[in-house]
Amino acid sequence: MLGRPVRTAAGALVDVAIERLNPAAQHLLQRSAYPNCTFLDLFGADTPPDVLHPFLTSLDPSAPESRELVVLFAGTGRQRRLRLAAQPIGEQLLFSFQELPAAGPPELPLAEQHLLVQALLAQAPVAVCLFQGDNLRIAAVNELMATLWGSSVEEVLHKPLLEAVPQPQHLGFGTLLRQVLTTKAPVSETEVPVTLPRNGELHTAYYNFVYQPLFDAQNRVMGVIDVATDVTGQVRARQQIERLNQELETRVQQRTQQLEQQQQRLQQMLGQAPAAVATLSGPEHRYTFANAFYHSLVGKQTIVGRTVSEVLPELVEQGFLERLHRVRATGQPFVGRETALRLYHETTGEWQQRYLNFVYQPLRVSPDQDLDIMVFAVDVTEQVQMRQQLEQLNLQLEARVLEGNHQAQQAQREAERQRGELWRVFEQAPLAIAVYRGPHYIIELANPTVARLWGRTQEQLIGKGLFEALPEVAGMGYEELLDNVMATGVPHVAHAMEAQHDRNGRRETVYWDFVYVPMYEADGSIYGAMVVATEVTEQVQARQQIERLNQELETRVQQRTRQLEQQQQLLRQILRQVPAAIATLGGPEHRFTFFNEPYQLIASGRTVLGHTVLEVFPEVAEQGFVTLLDHVYATGQPHAGQDVLITLYNAESELFEPRYIDFVYQPLFNENGQTRGILAFILDVTDKVGARQQVQRLNQELAATNETLQATNQELHATNTRLTRTNADLDTFVYTASHDLKAPIANIEGLLDALREYLPPTEAEPMIPRLLAMMQGAVTRFRQTVGHLTDVSRLQYGQTQPAEAIVLATIIEDVRQDLAPLLESTGGRLELALRECPTVYFPTKDLRSILYNLLSNALKYHSPERPPLVQVRASCTDTHVHIAVTDNGLGLNEQQQSKLFMLFRRLHNHVDGSGVGLFMIKRIIENAGGTITVQSQPEVGSTFLVTLPRS
């Protein structure tokens, strides 16, 4: 049992959180491998606190010695006495248990106890043995453990471990066993790979094992109990699943857009796999998946959704359903090899005798979910029947040999055939196989696979020394490994070992998984070595690439993390310097979570983080702003206001003062799309509104003056003079304002560019992109407005460029290139008829502005019922040029036509626009002495006719 200490704030150990139970502890305590409980949960109900708490207090992972305690445990239905030993392992504690005999009942006679122990050892469902003494003599062992070692009980009993099974010496098990004898602390490992000879060959299997010290009545160590569980099936199944998952994850990352195709391919792989695959769910073992091979194997058409007992009732009496119950109950897989079973085939209506290699593999997504079971079966009926036939043939052959020498030639030919079969297997094996002889490792045998992977032919290898045939691998450690195998007789297994090979016209770095196995003469002496290898270059390179990418990613994350605080500080500095009042409000109460200095100036220094809007601005309660905030928060829709009157308290004058503001209330959303707050973006436009009101008052005064002074021409002249001066002042103000505002706009855009460069990623601050977009939008609109004011001012002063000869087709083609995205997105066409007047004299910039506005409007305001068609025609007279632009768009009614050329007047709001374009081109045309008119009909289209002087 493995646990982690639970401490108080002062560091005192008060309990132990249990993290893992081995199979023996699971059985004894009737708990799962991950029990999700504590030490006091297990033993506090049956053992007095005055016994448990001192024991817990004495545990300290910094102290190397172990602690022991005898506790009572009744969790399994009867009370047991357990000797509990605790051993610190790093920051964790390893507990081992020994059940003590219950006090009271008489003990069994010694002989009966001995028989009982032998029966328990022989019938235990796990591999068990007992080692005693410094030489680790095998005092007791069951058949499962002996089979694991590739021997029988009689061959290993009472022998030292390293004599009976020499391989563990090289795997480090002898060292671990002596450690347990010395420290009296148990040692456990999980999924340990072990390579041992079995049936004359080396096999790698995986085991969970526990080395538990065995104590006598005086607490002296009598020996070490080894309990091992073969988990090869689980490990290999998990490895296979992990490989499949890794491949699937890689494909998902590389080809996300082909997810559906990949899923279909995966289904096809499972459906076409050359093995029967099915998954079972629930205690009734109901099919949730079965591939075509499984359907064919069991001879049933309808499987998914039915239980095993419904689909295959004949398996119940054959014990397969009981095995499924056991796998589900224990969570341990069941592996069957060449298991015989009888199946009723619906298609043929016959009973069939089949032999299967199969695995019942438990599947668990998480520790708190029920187990499912995957069935993976391979039909080996033909192999079993062929082996049975071969065994029968061998018996017959032996009988014939005994009949007489006249059949010896026939037996010899059969042996030659079998050797030929063995040679063909050697030649066609997908593994690289070679045999070396002597101290110079002369290559006696090399199959085509190893020759291909070494970049040589078999003729270039056979009969040559290994390092003569492959000089590029000399000095890379392979010779020392072979020398050690030849000297000790112990096989060597290597994983992902590097080598250099000259192949494919160049020297390549490759990686091998291989095993060197000693080859013996008839007298037992070692004459050479055999190598069996698999190239794993692609796997190693993929792993190295992943490691490099992970390291680069870690470095970038560290660098980005160090910059995060600096970026956030820069963001706040920039927000504080933006010439607009900005604040964020959280929750339905609208509490301040951020505000900058301009906002604090509007609030006259009253804004406090965490306070609500009503607490900071009680005077706005009756002005409707809190109601607007409530509406924005409830609907998630932004609200904007222009030139809105608001009365605010001024702390300096201690008076309530009227102000005019432009503002936007923008909702802020969380990752689920729910409103979590509001961004308030406010501009104080009191001065602008005051100036406009002043202009309005001046205009009103001017009108009154005109009415009063109409009696005399002298008074009218004076009034007109004052009006002209006032208009000139206004034009000068507009021109000066538009010119002087360009520099602040450029500064703001520079700050925004710096902000984007230093901001963290979108995932870290999800509010930042929306805030930046709003700021950029406000700056863009501000810049456009200033640009429009500049253009209007230029037109007002009549500032134009000199006229020059312009080829109409060329300038229209230039405009077409600018409008190419709009033409493509709308599916529009542009037709020209310019032969009657190919050239005009006009300022190039002004003519381009006229054509661009007319053509872009014709495309933007097209009818959704048909693709836009725009026609441009030109004609000339002696004195004028006439340019007509006709479209088939939405059209205009008479009321709309009367307002078409007004400044800032927009007649359609479904597309972006400023309401300035047509006003400006009309002013350009009129300043040049021309005219522009429109003829339009709703849902038919419009024609704009431009008349310009010819020279």
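Begin by selecting strands 12 to 16 of this predicted model. These five strands form an open sheet, and their order across the sheet is 13-12-16-15-14. The pairing is antiparallel. Strands of a sheet pair through backbone hydrogen bonds, in either a parallel or an antiparallel manner.

Next, colour the two edges of the sheet, which are strand 13 (286–290) and strand 14 (334–345). Each has a single partner strand, and therefore one side of each is left without a neighbour in the sheet. Turn the view to follow the twist, which averages 35° from one strand to the next.

Now select residues 350–363, which make up strand 15, together with residues 372–379, which make up strand 16. How many bridges join strand 15 to strand 16? Eight bridges join these antiparallel strands. For one position in detail, display P362, which stands opposite I373 in strand 16.

Leave the sheet and select helix 32 (residues 844–860) and helix 34 (residues 917–927). Two packed helices are described by the distance between their axes and by the angle between those axes. Here the axes come within 10 Å and cross at roughly 145°. The crossing of helix 32 with helix 34 is left-handed.

Show the side chains where these helices meet. Helix 32 contributes D846, S849, I850, N853, L854 and N857, while helix 34 contributes G917, L918, I921, I924 and I925. By type, the residues of this contact divide into six nonpolar, four polar and one charged.

Two loop residues are the next stops. Select N36, in the loop between helix 1 (23–29) and strand 3 (37–38). Its phi is near 55°, a positive value in a residue other than glycine. Is N36 buried or exposed? N36 counts as exposed because its relative accessibility is 75%, and the cut-off for exposed is over 50%.

Then move to E654, which lies in the loop between strand 24 (639–650) and strand 25 (655–669). The phi of E654 is near 55°, again a positive value in a residue other than glycine. With a relative accessibility of 58%, E654 also counts as exposed.

Finally, display the whole protein. It contains 34 helices and 33 strands. Of its 951 residues, 37% count as buried. The protein exposes about 54600 Å², and carbon and sulfur atoms supply 53% of that area. Among contacts between residues at least 6 apart in sequence, 48% join residues at least 24 apart.

Notes. Residues are numbered from 1 along each chain as its sequence is written. This is a predicted model: local features need pLDDT of at least 70, side-chain atom pairs count only at pLDDT 80 or more; totals for chains, interfaces and linings use all residues. Side-chain values use heavy atoms; hydrogens and water are left out. Two strands pair if DSSP finds at least two bridges between them. Helices (H or I, at least four residues) and strands (E, at least two) are DSSP runs, numbered from the N terminus. Axes are lines fitted to C-alpha atoms, for helices over the stretch in contact, and angles run from 0 to 180 degrees between N-to-C directions. Buried means under 20% relative accessible area, exposed over 50%, partly exposed in between (1.4 Å probe, protein chains only). Contact means heavy atoms within 4.5 Å. Accessible areas come from the Shrake-Rupley method with a 1.4 Å probe; for residues, only the protein chains shown count as cover. A crossing is left-handed if the near helix is turned anticlockwise from the far one by less than a right angle, and right-handed if clockwise. Ala, Val, Leu, Ile, Met, Phe, Trp, Tyr, Cys and Pro count as nonpolar, Asp, Glu, Lys and Arg as charged, and the others, Gly among them, as polar.
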